[in-house]
Amino acid sequence: MTDPFVPVLVLMAVAAVLALGGVASSAVIGPRRYNRAKLEAYECGIQPTPHAVGGGRLPIKYYLVAMTFIVFDIEVVFLYPWAISFGWLAGFGLVAMLVFLALITVPFLYEWRRGGFDWV
Amino acid sequence: MIPGVAADFSQDTIWTSVVKAVLIVVFLLLSVLVAIWFERKVVARMQVRPGPNVHGPFGLLQSLADAMKLLLKEDVNVTAADRVVYLLAPMISVFCALLVFAVIPFGPEVTIPFTDYSTPAQLTDFPVAVLYVLACASVGVYGIVLGGWSSGSTYPLLGAVRSTAQVISYELAMGLSLVSVFVMAGSMSTSSIVESQARLWWFLPLLPAFAVYLISMIGETNRLPFDLPEAEGELVSGYMTEYSSMKFAWFFLAEYINMLNVSAICTTLFLGGWRAPWPLSAVGDGVLNTGWWPVLWFLAKLWALMFVFVWVRGTLLRLRYDQFMVFGWKVLIPVALAWVVVLSVVQWLRQGDLVGAGAGGGELLLTAVAVVFLALVVAVLRPGRARRRADAAAGVGGVARAAAPDPFVARSRMFDPFAGGYPVPPLPGQHLPPSPRAARHAVEPDLVDPEAGPDRDPDRDPDRDQPVQEESR
């Protein structure tokens, strides 16, 4: 086979069949006994406070982590091709990557100092 | 044959792929059944109790019985849930978890018994195989996030946001630790990486990266001591609280398959993949690295790592959430980054590039970069030094020390549990003010008449007759 991604598609198909089939089979096989309390949210009978589905509120801290993550994820994505071609990029590639890492490290240290990583 | 990939898949037909794909899924399902039994049994032995021992020999059929029970349970759809997303989330989880093994090499070329058909013991491989693995792992988080969000309930939502923050934080450390393997192997194709470990397994020269990977793989799979998204003491069972029956089973299955996934990646990238361990690899001119033997070595390494998972679970306590995040961002990521820099410089020096065309310029540039970098670090960090020292004294990520002797510092770090309108526990560096009741208890022994017995003044506060309370310590 020439295209190496075709087997991935095959595995995806098998996995999708399993994932769908499992949920469908339990919906068919399982018993159905209606009980209003059973269908309520797990909160001992009271209404859960932040209604997540209707636009609940989250601490902004998580947003900050997501922003920082994007910066670092891009850094990692840049590192991968450089790592693969490390052998022939040699000195020039190394210096270029060190400059890039230094530039990323400065905002990292800035955020660290401003308490961006203090989770309390 | 694809350039940059060691294994040769040119003989495979679509039917070979179908058979291999089904075998992978069956292998994963059976492994999960064994893994659940294995975990319960090993943890039980560590806690000096027998563990599951009723169903089948050594209780081996216990997890099969559990799976059957889940299949026969009622499929509850809570009313507050967003129906479509609620239904999709467990499927996304298990779907993404199943995909990772597509690029894991179980062995080199194997011959199917009773035929002369030979094929790599691996579904497929391409030059960016490890990137594909990371992509599958990242998309898998959506299952958890959407499941928690769509349940329309408090605990699952908290579990979901925790899980997001946790997995993306530890994925960075994991991704950075893999960079050094790519530098050494010069490839991201799994079969080529295994090929590159013929002489030396990468975990030895890349020990720091291996350590970072081992820690972050536990964080990535939400396992103890990092299982904060489903911390049962705080969040019932986190993102899967509202799930039942097979939908719950899929989340559970995905968690265990993810354990197998990260273990398999670790085996392939750091522990030599299917290669026989050292004394055995020398036997008979490497005969144990051919045929079906490698599958045995691969599985042995995989289960050794699974044992590490269980061992860590049996040994360590769950971290507090802030300690966990601080550890990820302030320890793992800087260590992984520093190691990438150190390794690349060392590799560059080892390659003997010093006599190349731009050698002198390169060295000069390197020095310049180092100086500029140090200057930037000093400029950024200098005014914050006092604060960081205070943080260190308060023991961020560790046990909080006693209050600082300086009364001003002590007062500024004094903690008002009711500041936000409802009581919250003190965080690291904060200390509860002395309890007003402590003084009351201190004088208590004088008030109590030892002769009085149980029938004392009726107007006495019954509270005071309690034994010495915790605040008075």
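The expected span of a helix is 1.5 Å times one less than its number of residues. Keep that handy for the first exercise, and remember that this is a predicted model.

**Exercise 1. Find out how the span of H1(B) compares with the expected one.**

Step 1: Start with the length. H1(B) has 33 residues.
Step 2: Put that into the rule at 1.5 Å a residue, and you expect 48 Å.
Step 3: Now go from the first C-alpha to the last, and you get 46 Å, which is close to the expected value.
Step 4: Look just past the end of the helix. H1(B) is followed by B:Val48, which has a positive phi, near 55 degrees.

**Exercise 2. Work out which residues of H1(B) are buried and what they pack against.**

Step 1: A residue is called buried if 20 or more other C-beta atoms lie within 10 Å of its own.
Step 2: Apply that to H1(B), and you pick up B:Ser17, B:Lys20, B:Ala21, B:Ile24, B:Leu28, B:Ser31, B:Val32, B:Ala35, B:Trp37 and B:Glu39.
Step 3: Check the partners. In chain B, the buried residues pack against H2, H3, H9 and H11. They also pack against helix H1 (6–29) of chain A.

**Exercise 3. Trace the contacts of A:Leu11, leaving aside its neighbours within four places in sequence.**

Step 1: Begin with H1(B), where B:Ala21 and B:Ile24 are buried; A:Leu11 is in contact with both of these residues.
Step 2: Add the other partners of A:Leu11, namely B:Leu99, B:Ala102 and B:Leu123.
Step 3: Step back to the largest nonpolar core, which has 144 residues. A:Leu11 is among those with the most contacts inside it, along with B:Val133, B:Val181, B:Trp250, B:Phe270 and B:Ala336.
Step 4: Ask who supplies the largest share of this core: that's H5(B), with 20 residues.

**Exercise 4. Describe the contact between chain A and chain B.**

Step 1: Count each side. Chain B gives 94 residues and chain A gives 70.
Step 2: Find the biggest contributor on the chain B side. H5(B) provides the largest share, 14 residues.
Step 3: Sort the chain B side by type, and you have 60 nonpolar, 22 polar and twelve charged residues.

**Exercise 5. Sketch chain A and say how confident the predictor is about it.**

Step 1: List the elements. Chain A has three helices and zero strands.
Step 2: Look at burial. Of its 120 residues, 26% count as buried.
Step 3: Read the pLDDT. Chain A averages 80, and 85% of the residues score at least 70.
Step 4: Compare the elements of chain A. H1(A) has the highest mean pLDDT (88), while helix H2 (residues 60–84) has the lowest (82).

Methods: Residues numbered from 1 in each chain as written. Chains lettered and ligands numbered in written order. Predicted model: local features only at pLDDT ≥ 70, side-chain atom pairs only at ≥ 80, totals over all residues. Contact = placed C-beta atoms within 7 Å. Helix = DSSP H or I, 4+ residues; strand = E, 2+ residues; numbered from the N terminus. Nonpolar A, V, L, I, M, F, W, Y, C, P; charged D, E, K, R; others polar. Core = buried A, V, L, I, M, F, W, Y, C linked by C-beta atoms within 7 Å. Buried ≥ 20, exposed ≤ 12 C-beta atoms within 10 Å, placed from the backbone. pLDDT = per-residue confidence, 0-100.
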